[in-house]
Amino acid sequence: MKKEKVQDRIIRVASDLFYRQGFNSTGINQIIAEADIAIGSLYNHFSSKNDLLQAYLIKEEVEWFRGFEEYSAKISGPRKKLLSLVEYRKKLQKSSKFAGCHFIKIIAEVGDTSPVISDFVKKHKGKQKEMIRSLVIEYDENNNSTDTDLVTEHIFLLIEGAVITSTINKNTDSFDHIQKMIEAQLS
């Protein structure tokens with residue numbers, strides 16, 4: 001087995017702590033202790049806790065899109081891919097024990113105190129919406145009856161709302177409800 005690089009270990013440990021207990025509640029000393037590194041090692045790789053937060057968000061974004069790509073790789077057709085996005089988000093909720101979206105949690109905690117972080121989160125959600133839009137456009141090529149912008153916005157908001165509702169209720173019922181709503185939008 002390949003040994004984990006120090007930088008990767010720091011990001012992995014910090015990511016887990018930021019997600020589980022929050023960015024503000026996670027101290028540098030806890031990251032150092034749990035990553036089992038010297039303080040110098042941390043600062044050799046990251047100049048600040050905010051730099052580490054950015055690395056965490058970049059890692060989560062890459063994993064999010066790669067995860068969806070792998071999850072939907074064998075699914076053909078834009079309609080089925082759109083519906084698989086609901087299933088993917090449902091799967092993420094279950095695997096996190098309903099802890100919620102990494103990006104929503106960070107923006108709720110950090111807010112506008114860090115424009116770099118809030119911009120990153122906005123761009124990430126924008127990329128998700130663009131992915132939905134491209135699937136809606138591809139779907140519409142076969143149907144020519146869709147208001148692309150409206151359907152994209154509906155699907156995006158339904159999925160985001162389902163994630164939040166699922167986090168609050170600790171179940172996946174909201175995903176089952178929006179699946180039916182999205183199917184109706186696409187029929």
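The legends below describe close-up views of a predicted model of one protein chain.

**Figure 1. The whole chain is built from helices, with nine helices and zero strands**. Read along the sequence, the elements follow the pattern α-α-α-α-α-α-α-α-α. The C-alpha trace spans about 60 × 35 × 30 Å along its principal axes. Of the 187 residues in the chain, 44% are buried. Among contacts with a separation of 6 or more, 63% join residues 24 or more positions apart.

**Figure 2. Two stretches of the chain carry annotations in an unreviewed UniProt entry**. The entry lists residues 4–64 as "domain: HTH tetR-type". Over residues 4–64 the chain is 77% helix and 0% strand, and the C-alpha atoms at the two ends of this stretch are 21 Å apart. The same entry type, unreviewed, gives residues 27–46 as "DNA-binding region". Residues 27–46 are 75% helix and 0% strand, with end C-alpha atoms 14 Å apart.

**Figure 3. Helix H1 covers residues 6–21**. At 1.5 Å a residue, the 16 residues of H1 should span 22 Å, and its end C-alpha atoms are 22 Å apart, so the expected span and the model agree. The helix is followed by Gly 22, which has a positive phi near 100 degrees.

**Figure 4. The buried residues of H1 pack against other helices**. These buried residues are Arg 9, Ile 10, Ile 11, Val 13, Ala 14, Ser 15, Leu 17, Phe 18 and Tyr 19. An α-helix has 3.6 residues a turn, so residues three or four places apart point the same way. The partners of the buried residues of H1 are helix H2 (28–35), helix H3 (39–45), H4 and H6.

**Figure 5. The largest pocket has a volume of about 370 Å³**. Elements giving two or more residues to its lining are helix H1 (6–21), helix H4 (49–71), helix H5 (78–95) and helix H6 (102–110). The largest contribution to this lining, five residues, is from H5.

**Figure 6. The lining of the largest pocket consists of 18 residues**. Tyr 19, Glu 60, Leu 92, Ser 96 and His 102 are the lining residues that lie nearest the pocket centre. Tyr 19 also belongs to the buried residues of H1. By class, the lining of the largest pocket has seven nonpolar, six polar and five charged residues.

**Figure 7. One cavity of 30 Å³ or more is found in a search of the whole structure**. Rolling a probe the size of a water molecule over the atoms shows where empty space is left. The largest cavity holds about 30 Å³ of space. Its lining is formed by Trp 64, Leu 85, Arg 89, Gln 128, Ile 132, Phe 156, Ile 159 and Glu 160.

**Figure 8. Three helices each supply at least two residues to the lining of the largest cavity: H5, helix H7 (115–143) and helix H8 (148–169)**. H8 provides the largest share, with three residues. Five residues of the cavity lining are nonpolar, one is polar and two are charged. Helix H5 also takes part in the lining of the largest pocket, where five residues come from this helix.

Technical notes:
Residues numbered from 1 in each chain as written. Predicted model: local features only at pLDDT ≥ 70, side-chain atom pairs only at ≥ 80, totals over all residues. Heavy atoms only, no water. UniProt positions renumbered as here; feature names shortened; annotations may be inferred. Helix = DSSP H or I, 4+ residues; strand = E, 2+ residues; numbered from the N terminus. 1 Å grid on protein atoms, 1.4 Å probe; cavity = no way out; pocket = protein on both sides within 12 Å on 5 of 7 lines; lining within 4 Å. Points joined across faces, edges and corners; volume = space filled by probe spheres on them. Nonpolar A, V, L, I, M, F, W, Y, C, P; charged D, E, K, R; others polar. Expected span 1.5 Å × (residues − 1). Buried < 20%, exposed > 50% of the residue type's maximum accessible area, 1.4 Å probe, protein only. Contact = heavy atoms within 4.5 Å.
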